[in-house]
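Student: Got a minute to go through this one with me? I'd like to chat about a helix, a strand and an odd loop residue.

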Amino acid sequence: MAVITIVGAGMMGSALAFPARENGHEVRLVGTHLDREIIDVCRATGRHPKFGKDFPEGVGYYQTEQTASALEGSTFVICGVSSFGVDWFGSNVLPLVPAGTPVLSVTKGLMDDEEGGLKNYLQVWAQMCPQACLNAIGGPCTSYELVAHDQTEVTFCGSDPAVLRMLRDCMKTDYYHISISTDVAGVESAVALKNGYALGITLSVGVNQRVFGDDVLHYNSQAALFGQGVREMKKLIAALGGKEESLAVGAGDLYVTVYGGRTRMVGILLGRGLTIDEAMKELAGVTLESLVVATRVARAVRKRAEKGLLKLSDFPLLMHVDDIINHGAEVNIPWEKFTYERL
């Protein structure tokens, strides 16, 4: 039996308690400083306040001040914080994890620098805590569907195949299927990029609602934007040192994000004609990681283009999303820029 400690009681981290505990492992769910009420509810009811199903019996619940004791004896640690908690996790949790104890992260995103570089969060944490054994989960998976035991296939990535196999053996179930990959750059880039491109795709949903009415569903435009998004993601993954095969992980994740979640909501509102400020007001209190990812990636692409390392014309969808959310542009999807000749 393994001891699995999950730090971060958000929906995705908490959802992973289901396969972990159902496999017979000891599971400790630790809240961050933002999760105190969630942990109180879990202790009182045995259920996460946003799930419609009880946790498996035997899950332990810990408040943030109990993090050190919860980490003691852990076989591995799951990082369940959002992208806004990356620095907090690196500064407050990673130093408490015993050297050699694997960390498996569900946190997705990229950080840019002044030179146009982009680092995934495993790279950020490796700089903060060089002794950490860092791994991550990528792939199409929504928390509530994992809790419902919908058939799910994800990819665990990291540098050590033996560690990845151990993590897979602990977490896989008859509904949670796990591939493993040492292409950390590819997997982490793919699953981060999908957030920005999902926003771009869902613009068309809002545009169609504005033009044809809420009851009309059109898929041609969504599919066209999906294809363009995948083409741009392929170029970016290569630029970040990832392998082309990891694009499939991001494409699957892109599909899930387009059809549900917070990014879909903001894309639709923008497509309907709201400004970014109006959309943010409409979604007050909702965490929108897609805006952060799109902004950082677009900023890095522009800097690389200035150096002749990339061409802006290869990323018309990303540039349009950036213009909308950061430069006050109206939604005017540049369809003609998506066409090409391969003769």
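Tutor: Sure. One definition to start: contact means heavy atoms within 4.5 Å. And keep in mind that this is a predicted model.

Student: Okay, so what covers the buried residues of α11?

Tutor: The cover includes β8 (133–138) and β9 (152–158), along with the helices α9 (184–212), α10 (220–239) and α12 (262–272).

Student: And which residues of α11 are buried?

Tutor: L247, V249, G250, A251, D253, L254, T257 and V258.

Student: How far does α11 reach from its first C-alpha to its last?

Tutor: Helix α11 spans residues 247–258, 12 residues, and reaches 16 Å, close to the 16 Å expected at 1.5 Å a residue.

Student: Switching to strands. Which way do the residues of β4 point?

Tutor: F76 and I78 go one way and V77 and C79 the other, and all are buried.

Student: What does β4 pair with, then?

Tutor: β1 (residues 3–7) pairs with β4 in the parallel sense over 4 bridges, with I78 as the bridge partner of I6. Strand β5 (residues 102–105) also runs parallel to β4, joined by 3 bridges. There, C79 has S105 as its bridge partner.

Student: What kind of unit do β4, α5 and β5 make?

Tutor: A right-handed β-α-β unit, with α5 covering residues 86–92.

Student: Last one: where is H149, and what's its phi?

Tutor: H149 sits in the loop between α7 (143–147) and β9. Its phi is near 70°, a positive value in a residue other than glycine. H149 is partly exposed, with a relative accessible area of 27%.

Methods: Residues are numbered from 1 along each chain as its sequence is written. This is a predicted model: local features need pLDDT of at least 70, side-chain atom pairs count only at pLDDT 80 or more; totals for chains, interfaces and linings use all residues. Side-chain values use heavy atoms; hydrogens and water are left out. Helices (H or I, at least four residues) and strands (E, at least two) are DSSP runs, numbered from the N terminus. The expected span of a helix is 1.5 Å times one less than its number of residues. Buried means under 20% relative accessible area, exposed over 50%, partly exposed in between (1.4 Å probe, protein chains only). Two strands pair if DSSP finds at least two bridges between them. A crossover is right-handed if, with the strands pointing away from the viewer, the path from the first strand over the helix to the second runs clockwise.
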